Amino acid sequence: MRIETRAVIASRGNEFGALVPPVHLASTYETRPGDAEAPFQYQRVANPTRSLLEKVLADLDGVPYAAAYSTGMAATAAVFSNLQQGDHVLVHASVYGGTYRFAQKVLPQHGIDVTFVPDPGTLTDADFRLSTALLFVESPTNPALRVVDIEHLAHLAHRHGAHLAVDNTFMTPLLQRPFELGADLVVQSATKFLGGHSDLLAGVLTTKDEGIYADAVAAQKNYGGVPDPAVAQRLLQEIKTLPLRLREQQRNAVALRDFLLEHPAVERVFYPGWFSEEERRIHERQASGIGAVLGVEFADGVSWERVGELLRIPAFAVSLGDVSTLVCHPASSTHEDMDDVDRAVAGISENLVRISVGIEHVDDLLDDFAQALAGAQEARA
Ligand SMILES: *Cc1c(COP(=O)(O)O)cnc(C)c1O
């Protein structure tokens, strides 16, 4: 069955046939004395609502295993927490800010050697060591929407006995299927498109590897960053409309991109494939669409603050994936911690705003951007 169908029916099959998955709130379970094998004993270790969520998430990715966490960062931390002292990891320098900070600050404290890779496309055999355990990448990147070749990097990592981890938050399994390209594990912030309503935090790690799964489960138990059952249930409900939402968001994003590309107040538009013909080809091969996040650099003298003030429909807010269009200014929000040099390398200028496109009527969105850009241009004149 196709992903649209699976998203709707995968959470069925509970005891009473309820179409809405039940929330199992119990922190502890009655077991027979001496029954160490009971599937549910204590909520941090396993919970029926969370187990159902994990079954659905694994199903969407087409792999046997998923582990759910309290946030996307907890999922990423779980990946890193299973490295050993003396391991070496290669980390894409344009990963999510929290991932970057974790790799930069926390891993060295545990005797793990980190090399940040500005452009994974330039990686060669010489960049891998005997101790290289993991290559961690994101495609497309945030907010420059640069693309890396997942299949090529999987081959390269595997040749050196390393695992390839992909953060697939921006694409979700609807638009990009890293396991079919050779990835060993995938993390997602379910806070974003999987949830889609800005009403929960959650993360997921999926894998086809039994050993990685055992480590992922150990991280749930040892660090305790698991989702609350009520959150797990809400996420199960929201996943049912993921294909519907994201397709509509993507359609709106394509229309808004095309409008912005032609607009004199706009200097550049970032979307997957904008950077080069090669990246466009890679993205078209490994994903089925541009997703719903765009970057816009305004022309000289057009103030992003003025545009932000004039827009009526989008919310000026960080985060992404919501059914509402969200606009943010990475240089002063999501990427504020970066120094100026790193920001320039990551392609984040002072005049860049990120747009996470929602499901509003496309004509209303285009009209709103048209009036805001016209107003900001007038202010310049
Ligand atoms: C938001 C985000 C994360 C972190 O997720 P949280 O749920 O906020 O912890 C990780 N990766 C990407 C690409 C994100 O956008």
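This section describes the ligand site and the aromatic pairs of a predicted model.

The ligand occupies the largest pocket of the protein. The residues around the ligand comprise Thr-71, Gly-72 and Met-73, together with Tyr-96, Glu-138, Asp-167, Thr-169, Phe-170, Ser-189, Thr-191, Lys-192 and Ala-202. Classified by residue type, this shell consists of five polar, four nonpolar and three charged residues.

Several side chains of the shell make polar contacts with the ligand. In the side chain of Asp-167, an N or O atom is placed 2.7 Å from a nitrogen atom of the ligand. An oxygen atom of the ligand lies 2.7 Å from an N or O atom in the side chain of Lys-192, and a distance of 2.8 Å separates a polar side-chain atom of Ser-189 from an oxygen atom of the ligand. Of the 380 Å² that the ligand exposes when taken alone, 92% is buried by the protein.

With regard to aromatic residues, the structure contains eight aromatic pairs. One of these is formed by Tyr-29 and Phe-40, whose ring centres are 6.1 Å apart and whose planes enclose an angle of 40°, a geometry classed as tilted. Both residues belong to the loop between helix H1 (3–9) and helix H2 (48–61), where Tyr-29 and Phe-40 are eleven residues apart. The pair thereby links distant parts of the chain.

Definitions and conventions:
Residues numbered from 1 in each chain as written. Predicted model: local features only at pLDDT ≥ 70, side-chain atom pairs only at ≥ 80, totals over all residues. Heavy atoms only, no water. Near = heavy atom within 4 Å. Polar contact = N/O pair within 3.5 Å; in protein donor to acceptor, adjacent residues only side chain to side chain. Areas by Shrake-Rupley, 256 points an atom, 1.4 Å probe, with all protein chains shown as cover. 1 Å grid on protein atoms, 1.4 Å probe; cavity = no way out; pocket = protein on both sides within 12 Å on 5 of 7 lines; lining within 4 Å. Sits in = over half its atoms within 2 Å of the grid points. Nonpolar A, V, L, I, M, F, W, Y, C, P; charged D, E, K, R; others polar. Phe/Tyr/Trp six-rings, centres within 6.5 Å; stacked < 30°, edge-to-face > 60°. Helix = DSSP H or I, 4+ residues; strand = E, 2+ residues; numbered from the N terminus.
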